[in-house]
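Student: I would like to go through the labels used for this chain and ask what each one rests on.
Tutor: Go ahead; take them one at a time.

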Amino acid sequence: MKRALIPAGLRRVVRGWFDARYISRADHRQDIKDALWEVRTLSREVTVLRAEVERLRAQAAGSRGGTGTGTGVRVDQAQVRRWDDAHRLATETAVAMDRMLQNEVLLWQAVDRVSQGTAAGAEPGADAAPSTRADAAGRPGRALPSGSAA
């Protein structure tokens, strides 16, 4: 592999292009935290909506009973089925999002463990990318994009 001097301006432009194209780990972690917060918020809202549905069901059952204690709200079975379907879909979506975000957190924890093992001076495995380079002090560097020279 040959080394070539690259003007600082060109190096800044190329690094800026790479930085603009890829999201940083810190930004990705913050996105995961925000998404987890959103899932928790949605879970609380589903709990509140579930209580509201139960209250409305009890109210509708009271108005159908003819006791006169209901509010007079008439709810047909089609509306109840639609509300039940909407509630079921919202709950399933929240559970699926939670599972997906937990898997993504596990993935990024594994990525961090691998990168910390490499950065701590541990020998990378035999399956490590051959395009990694070391700096002048012998520390492992970043993986280079394929087809690029340092």
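Tutor: This is a predicted model. From the N terminus on, its elements run α-α-α-β-β, which comes to 3 helices and 2 strands.

Student: Why is D112 called buried?
Tutor: The relative accessible area of D112 is 15%. Buried means under 20%, so D112 is counted as buried. D112 sits in helix α3 (residues 77-119).

Student: Which residues is D112 in contact with, leaving aside its neighbours within four places in sequence?
Tutor: R25 and R29.

Student: What makes R29 and D112 a salt bridge?
Tutor: Their side chains meet at 2.6 Å, N to O. The definition asks for a side-chain nitrogen of Lys or Arg within 4 Å of a carboxyl oxygen of Asp or Glu, so the pair R29 and D112 qualifies. The pair links distant parts of the chain, with R29 in helix α2 and D112 in helix α3, 83 residues apart.

Student: Is R29 buried, partly exposed or exposed, and how do you know?
Tutor: R29 has 32% relative accessibility. Partly exposed lies between the 20% and 50% limits, so R29 is partly exposed.

Student: How do you know that D85 and R88 form a salt bridge?
Tutor: The N to O distance between their side chains is 3.9 Å. The limit is within 4 Å, so D85 and R88 count as a salt bridge.

Student: Why are D85 and R88 separated by about one helical turn?
Tutor: Because they are 3 residues apart in helix α3. D85 is partly exposed at 39% relative accessibility, and R88 is partly exposed with a relative accessible area of 39%. Elsewhere, E54, R57 and D84 are joined into one network by salt bridges that share partners.

Student: What makes R55 and E52 a salt bridge?
Tutor: The closest N and O atoms of R55 and E52 are 2.4 Å apart, and the cut-off is within 4 Å, so the pair is counted. Both residues lie in helix α2, 3 residues apart.

Student: How many salt bridges does a search of the whole structure find?
Tutor: It finds 6.

Student: Why is E45 called partly exposed?
Tutor: E45 is at 42% relative accessibility. That value falls between 20% and 50%, so E45 is partly exposed. E45 belongs to helix α2 (residues 25-64) and helps to form a negative surface patch with D27, D31, D34 and E38.

Student: Which residues make the nonpolar surface patch of about 230 Å²?
Tutor: I6, L10 and V14. V14, in helix α1 (residues 8-21), has a relative accessible area of 36%. Patch residues need over 30%, so V14 meets that condition.

Conventions:
Residues are numbered from 1 along each chain as its sequence is written. This is a predicted model: local features need pLDDT of at least 70, side-chain atom pairs count only at pLDDT 80 or more; totals for chains, interfaces and linings use all residues. Side-chain values use heavy atoms; hydrogens and water are left out. Helices (H or I, at least four residues) and strands (E, at least two) are DSSP runs, numbered from the N terminus. Buried means under 20% relative accessible area, exposed over 50%, partly exposed in between (1.4 Å probe, protein chains only). Contact means heavy atoms within 4.5 Å. Patches are made of residues with over 30% relative accessible area and no salt bridge: like charges are joined within 9 Å, nonpolar side chains (Val, Leu, Ile, Met, Phe, Trp, Tyr) within 5 Å. Accessible areas come from the Shrake-Rupley method with a 1.4 Å probe; for residues, only the protein chains shown count as cover. Lys and Arg count as positive and Asp and Glu as negative; His and the chain ends are not counted. The place of a charge is taken as NZ of Lys, CZ of Arg, CG of Asp or CD of Glu.
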